[in-house]
Amino acid sequence: MDLAFDAETVSVETGGDVARIAVNRPDSLNALNVETLGSLADAFSAAEDAGARAVVLTGAGEKAFVAGADIVHMSEMSTPEALAYAEMGHRLCRQIEEFPAPVVAAVNGYAFGGGCELALACDLRVASERALVGQTEVNLGIIPGWGGTQRLPRLVGDELARRMIFFSERVDASDAHEYGLIGEIVAHDELDERVREMAAQLAAKPQHALKAAKDALNATHESSLTSGLAYERRTFAGLFGTHDQREGMAAFTEDRDPEFE
Ligand code: COA
């Protein structure tokens, strides 16, 4: 994959068809200011243009995934500025959610506020045993503004989301796993390797089927069960006749490995 990306606070590496995007402001625990938000959006666009078949999102340094939206920057914001900042965070989280291939969050440390929301927008979350996550905004006199009130309850259920948000809970990896917020916990030193392996596995899957599955799963967030099931039926049927459907099923019946597009 050919991907050139250069920004001060976001780095991108590639390996095979996988892009690894890292927020790179370790001195501020990767807190997201406007510049970094913009660079992250650009990095995801570059990964999409390059045809990445899986993306890993993580934070640089040993301590943090993303310690949140930049509190220093937010402290002086007016209401219109805060609205624009929320819209910018929403756009980025939507871009991740709608990225045409799976995005895996490698939660390597603190993921508070906007950092937790960024992880929630990813398809899958793998955490280091050192991770601490939470929607901690109420303790700052605000509420989650980058999707946390909407995406957290979908993942952990309404009761736990209310507890986490109302109490600004900082949840360790083990509790986050039990809540369903984190899919898997690994030793801190093994996180990078585990997530690379997972992303490589995803990148080798039939990409049209994965994208269709992602879109159909995302549709559960948008709609009633009735319209979600109708969407699933149409998308399921639409995959029949594609190369990957024919090949995947032929390989199964012929007891051989499939060769996907
Ligand atoms: N915004 C801006 N700067 C932040 C930040 C944030 N969300 N989180 C951490 N930083 C900065 C600190 O101000 C500090 O900067 P300094 O070295 O210039 O003083 C640096 O990152 C290191 O943080 P520090 O607090 O010294 O590290 P720590 O290991 O003692 O604590 C945290 C780490 C994450 C527990 C603590 O920084 C924290 O609670 N941050 C806020 C988390 C939060 O509420 N996020 C939600 C925002 S919506």
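**Exercises on the pockets and the ligand shell**

By class, 18 nonpolar, eight polar and five charged residues make up the lining of the largest pocket. The model is predicted.

**Exercise 1.** Determine how much space the largest pocket holds and which elements line it.

*Solution.* Step 1: the space in the largest pocket is about 680 Å³. Step 2: it is lined by 31 residues, of which A69, I71, M74, L140 and I142 are the closest to its centre. Step 3: at least two lining residues come from each of α2, α3 (79-97), β6 and α4 (114-121). Step 4: α3 provides the largest share, four residues.

**Exercise 2.** Characterise the shell around the ligand and identify polar contacts with the ligand.

*Solution.* Step 1: the ligand is surrounded by 17 residues, with K63, A67, A69, I71 and R170 the closest. Step 2: the shell divides into nine nonpolar, three polar and five charged residues. Step 3: a nitrogen atom of the ligand lies 2.9 Å from a backbone N or O atom of I71. Step 4: an N or O atom in the side chain of T136 is 3.1 Å from an oxygen atom of the ligand. Step 5: the ligand on its own has 860 Å² of accessible area, and the protein covers 60% of this.

**Exercise 3.** Explain why the second largest pocket lies between domain 1 (10-203) and domain 2 (207-253).

*Solution.* Step 1: the second largest pocket contains about 420 Å³ of space. Step 2: among its 19 lining residues, C122, D123, R125, L217 and N218 are the closest to its centre. Step 3: α9 (207-222) gives the most to this lining, seven residues. Step 4: both domains give residues to the lining, so the pocket lies between them.

Note on methods
Residues numbered from 1 in each chain as written. Predicted model: local features only at pLDDT ≥ 70, side-chain atom pairs only at ≥ 80, totals over all residues. Heavy atoms only, no water. Near = heavy atom within 4 Å. Polar contact = N/O pair within 3.5 Å; in protein donor to acceptor, adjacent residues only side chain to side chain. Areas by Shrake-Rupley, 256 points an atom, 1.4 Å probe, with all protein chains shown as cover. Nonpolar A, V, L, I, M, F, W, Y, C, P; charged D, E, K, R; others polar. 1 Å grid on protein atoms, 1.4 Å probe; cavity = no way out; pocket = protein on both sides within 12 Å on 5 of 7 lines; lining within 4 Å. Points joined across faces, edges and corners; volume = space filled by probe spheres on them. Domains from an automatic or database assignment.
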